[in-house]
Amino acid sequence: MSGFLYAQLNDDAVAVAVVSVYAELEGPQHVRLSEFDTSVLGKRWTGEDWEEVTPAPQYAAHVVITSITADADHAHDTEISADLKLVDTSVGATLSFTAELQAEAGSVLPIDQTFRMPLVAADGSNDRRLIRVNFVQGVAQFDVLLTVSRHWRVDEETINLNLQPHEKLQFAGLDVYVLE
Amino acid sequence: MSALPISELFSSAPRSVIKGVQRGVMAFSASTPSTIEVTISPVDPLKSFVNLLGCVDRGTGASHMSIELKNATTIKGVSTAANAATINWEVVEYY
């Protein structure tokens, strides 16, 4: 292909087009090519060379915990962080959770689906529980009874273990310390 | 009536009705919808048109792709593909 050959960059310096044009193009968003090389598409121009770009993960939905409360008998010795990512509570407490499946923009996705949420011990004990989380129109309410002293964790990796790539969920994570 | 010499006939005839062709490929990442604007050498929009030569949607869902000559120096492509996609295009300019 004759003419002047360029890769054109987006604001992140990633090549989004390769063109053959009549004349020279000016500006830092144009990188002169020696051939019509479409292999640079999707790569980032460092100023000297092309580097691969790791694509950001695509999520089907974001799991957002919107409230956590402890039962009345344990509310006084339960501390819940403002961002709802950390809970300190006592053995015997029942924590009540409300969670939403949200779109990127924060709107609730009207999805009816049940998930098995793994609650994994993060203290080396290899203990593991599965909690039934039933979303109705994108909102789930569920209770978890905590009967042993343990550090429990739910994170993005574990909730996605058995999901297909197009079902992946984004989750900020939750740590629950159950104290005696 | 005097006839034109053959040599003058050839020299006065246009060499081609096509002034030039510019081509390219634009690549969309996975997002819906997505727009890419590509800079080309200036053309006269009244004497030019853009062809969509082909497109590839690397996903499985339905998608819509379009391309237009936005102005004398810009090609605008739009893809509603939820996955990576490419559009091959050309702009043909006439005298």
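Two strands count as paired here if DSSP finds at least two bridges between them. Keep that in mind as you open this predicted model.

**Stop 1: the sheet shared by both chains.** Select β3(A), β1(A), β2(A), β1(B), β6(B) and β3(B), in that order: you're walking across an open sheet of six strands with antiparallel pairing. At the edges stand β3 (30–32) of chain A and β3 (48–57) of chain B; each has a single partner strand, so one side of each is left without a neighbour in the sheet. Look along the sheet and you'll see a twist that averages 20° from one strand to the next.

**Stop 2: where the chains meet in that sheet.** Now pick residues 15–21 of chain A, which is β2, and residues 18–28 of chain B, which is β1: these two strands run antiparallel and share four bridges. For a landmark, click A:V19 and look across to B:G24 in β1(B), which stands opposite.

**Stop 3: the whole interface.** Colour by contact between the chains, and 16 residues of chain A light up against 20 residues of chain B. How much area do chain A and chain B bury between them? About 1,200 Å², with 60% of it on carbon and sulfur atoms. On the chain A side, β2(A) gives the largest share of what touches chain B, six residues. Hunting for salt bridges across this interface turns up zero, while nine residue pairs are in polar contact between the chains.

**Stop 4: over to β2(B).** Select residues 34–39 of chain B. B:S34, B:I36 and B:V38 make up the covered face of this strand, with B:T35, B:E37 and B:T39 on the uncovered one. Add β5 (residues 74–79) of chain B, the antiparallel partner of β2(B) over six bridges. Finish on B:I36, whose bridge partner in β5(B) is B:G77.

Technical notes: Residues are numbered from 1 along each chain as its sequence is written. Chains are lettered from A and ligands numbered from 1 in the order in which they are written. This is a predicted model: local features need pLDDT of at least 70, side-chain atom pairs count only at pLDDT 80 or more; totals for chains, interfaces and linings use all residues. Side-chain values use heavy atoms; hydrogens and water are left out. Axes are lines fitted to C-alpha atoms, for helices over the stretch in contact, and angles run from 0 to 180 degrees between N-to-C directions. Buried means under 20% relative accessible area, exposed over 50%, partly exposed in between (1.4 Å probe, protein chains only). Contact means heavy atoms within 4.5 Å. Buried area is the accessible area (1.4 Å probe) that two parts lose on being put together, summed over both. A salt bridge is a side-chain nitrogen of Lys or Arg within 4 Å of a carboxyl oxygen of Asp or Glu. A polar contact is a pair of N or O atoms within 3.5 Å; within protein, one must be able to donate a hydrogen and the other to accept it, and residues adjacent in sequence count only if both atoms are side-chain atoms.
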